[in-house]
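Welcome, and thanks for opening the viewer. Get your selection tool ready, and we will walk through this structure one stop at a time.

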Amino acid sequence: MIRFNRALRPFSVMSFDLDDTLYNNHPIIKAAVKAQQDYLSALPSYLEQGPKYWQQCRNEAVLQSPDLADNVTKWRQHTLRLALSKLNLNADDIEHHANAAYNAFADARSKIVVSDDVLKLLDNLAEHFTLIAITNGNVEIEHFNLHNKFSLVLQAGMHGKAKPHKTLFDKAATHFDIPKSEILHIGDSLDTDVQGANNAGCQSVWLNDQGATYAYKGLADVEIANIHALAHFIK
């Protein structure tokens, strides 16, 4: 299914969200969270804090430093140190366990295998357009099989404020010295991807396959139900 809500203008860059757009991120993030939790739960003093302790510390961390909301990696690392600092550990042990717990998360987080048919789609699109990635996530793309598919990868926090803020789209347009209208951004979230692209003056494609409820009521330029509908744009 492909539905055009507005006629597309010519574009030269196709920008992709990563998580839940090019692969199913739900089992990946679930496994990564479990890996971190398994490590922390081996510390008796952490386990004693109960099942709500992590979320309580996460909320406290972002209240202390609101900018963490734009950098999920730093938010997680900050939360780990905050949670461990409340357990009467010495500074060396806090640092050791924070690093080890984060590494357990990150290792599991990068155990992603993008399907061959999606890789082939990207290769075919790359013959006609410049492909980039713009993500709010903390996946380390160099560790799995999307590592050589994009001319530019921009991540929230590292390169600017998270979508739907327009910073990352602005950076992409500046990098290629093109008007933002020449960027067609594809993503699964109305709230971050479509709203962000629309706010920035880019064009947008909503991959509507998550069954989620979104706050944003604006329209994407194009709506698709399957990533392979993008083959429509190959001339």
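Start by selecting Trp-206, which is buried at a relative accessible area of 13%. Keep in mind along the way that this is a predicted model.

**The strand around it**

Now widen the selection to strand β6, residues 203–207. Of its 5 residues, 5 are buried, so the strand is mostly covered. Look at how the side chains alternate: Ser-204 and Trp-206 point one way, while Gln-203, Val-205 and Leu-207 point the other way.

**The neighbouring strands**

Add β5, residues 183–187, which pairs with β6 in the parallel sense over 4 bridges. Here you can find His-185 standing opposite Ser-204 of β6. Next, show helix α8, residues 190–200; together with β5 and β6 this helix makes a right-handed β-α-β unit. Then bring in β7, which runs parallel to β6 and is joined to it by 3 bridges. Leu-207 is the residue to click here, as it stands opposite Ile-224 in β7.

**Gln-203**

Is Gln-203 buried or exposed? Its relative accessible area is 0%, so Gln-203 is buried. Zoom in on its side chain, where a polar atom lies 2.8 Å from the backbone oxygen of Ser-181. Show the contacts of Gln-203 beyond four places in sequence, and you will meet, among them, Leu-8, Phe-11, His-185 and Asp-221.

**Aromatic rings**

From that list, follow Phe-11. How many aromatic pairs does the whole structure hold? A search finds 8. In one of them, Phe-11 and Phe-233 meet edge-to-face, 5.7 Å centre to centre with 85 degrees between the planes. This pair links distant parts of the chain, 222 residues apart: Phe-11 is in the loop between β1 and β2, and Phe-233 is in the segment after β7. Phe-11 counts as buried at 15% relative accessibility, and Phe-233 is buried at 6%.

Return to Trp-206 and add Tyr-214: their ring centres are 6.1 Å apart and their planes stand at 85 degrees, so this pair is edge-to-face. Tyr-214 is buried too, with a relative accessible area of 14%.

Now select Phe-4, Phe-11, Phe-129 and Phe-233 together, which form one aromatic cluster.

**Two arginines over rings**

For the last stops, select Arg-58 and Trp-75: Arg-58 lies over the face of Trp-75, 3.7 Å from the ring centre. Then choose Arg-76, which lies over the face of Phe-105 at 3.9 Å from the ring centre.

Definitions and conventions
Residues are numbered from 1 along each chain as its sequence is written. This is a predicted model: local features need pLDDT of at least 70, side-chain atom pairs count only at pLDDT 80 or more; totals for chains, interfaces and linings use all residues. Side-chain values use heavy atoms; hydrogens and water are left out. Helices (H or I, at least four residues) and strands (E, at least two) are DSSP runs, numbered from the N terminus. Buried means under 20% relative accessible area, exposed over 50%, partly exposed in between (1.4 Å probe, protein chains only). A polar contact is a pair of N or O atoms within 3.5 Å; within protein, one must be able to donate a hydrogen and the other to accept it, and residues adjacent in sequence count only if both atoms are side-chain atoms. Contact means heavy atoms within 4.5 Å. Rings of Phe, Tyr and Trp (its six-membered ring) pair if their centres lie within 6.5 Å; planes under 30 degrees apart count as stacked, over 60 as edge-to-face and the rest as tilted. A charge sits over a ring if NZ of Lys or CZ of Arg is within 6 Å of the ring centre and within 35 degrees of the ring normal. Two strands pair if DSSP finds at least two bridges between them. A crossover is right-handed if, with the strands pointing away from the viewer, the path from the first strand over the helix to the second runs clockwise.
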